[in-house]
Structure formats: C-alpha cells, structure tokens
Amino acid sequence: FEAPRAGARFVYVTNPRRDTVAVIDSTNQAIRTVDVGDTPFRIATAPGKNLAVVLNGGSNDATVLRTTAMGTRTSTVPVVPGVNTLAVSPDGAAVLAPLVFG
C-alpha cells in the first residue's frame, strides 16, 4: 500500500498488488474498493474536495476518482510513459503529471 491521501470526507489508499484504491469514509470508517488501472503507484487529492487522481504505472494512464456518499465514479485518461508524480490544482480543475528525474 502507498501512503494515504485525504480529500474532504474520504481517504484514498492505493493497492498496487490488486490494482485497486481503497476509499475510506472518514465519517463512519466504511471502506470501498475501486478498480483502477494496472499497478497504481502514486495518488494525489485536491484540498477540501472528494477527488483523487492515481497514476497507473503498468497501463500508462491515470484514473480520476470522484466520490460521494453514494459511491465513486471513475474515468481514465492516458499519460506519457514514465510519468512518476502528480500535482492537483487547489480547485481540482487541473492535474499536472510530469516526469521527474532524480
């Protein structure tokens, strides 16, 4: 498991061995598992929002997770091979996924 990242209400944790993200509801500790791409390894959240983006190293894409009390919706977008970090804008409207060396 990777280090957890917190949104407004939900906490997100990647599981690279199962190609999933655990979504933990901070109000009742309920845990839901969401399928994402191959080998998720980096996750970022937007401050104060229930939005997370996870890099999937094995499938060269990123999965966007939007969570409400009713569940998590996902969408997948391709990324350039080798991308290894994420930054989400404070309003959650944009994600930067650069290739960082060193």
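This is a short tour of the strands in this structure, which is a predicted model.

**The whole sheet.** Start with a cartoon view and find the open sheet of four strands. Their order is β1-β2-β3-β4, and the pairing is antiparallel. Now colour β1 (5–6) and β4 (31–35), which stand at the edges. Each has a single partner strand, so one side of each is left without a neighbour in the sheet.

**From β1 to β2.** Next, select β1 together with β2, residues 10–15. These strands run antiparallel and are joined by two bridges. To see a contact between them, pick A6: its bridge partner in β2 is V11.

**From β2 to β3.** Keep β2 on screen and add β3, residues 20–25. Six bridges link β2 and β3, again in the antiparallel sense. Click on Y12 and look across to V23, its bridge partner in β3. Then follow the chain through the hairpin that β2 and β3 form, with four residues between them. In that turn, stop at D19, which has a positive phi of about 55 degrees.

**A look at β3.** How many of the six residues of β3 are buried? Five of them are, so β3 is largely enclosed by the rest of the structure. While you have a strand in view, show its side chains: in a regular strand they alternate between the two faces of the sheet.

**From β3 to β4.** Finally, select β3 and β4, an antiparallel pair with five bridges. Here T20 stands opposite D35 in β4. The hairpin of β3 and β4 has five residues between the strands. End your tour at Q29 in this hairpin, where phi is positive, near 60 degrees.

Note on methods:
Residues numbered from 1 in each chain as written. Predicted model: local features only at pLDDT ≥ 70, side-chain atom pairs only at ≥ 80, totals over all residues. Heavy atoms only, no water. Pairing = 2+ DSSP bridges. Buried < 20%, exposed > 50% of the residue type's maximum accessible area, 1.4 Å probe, protein only.
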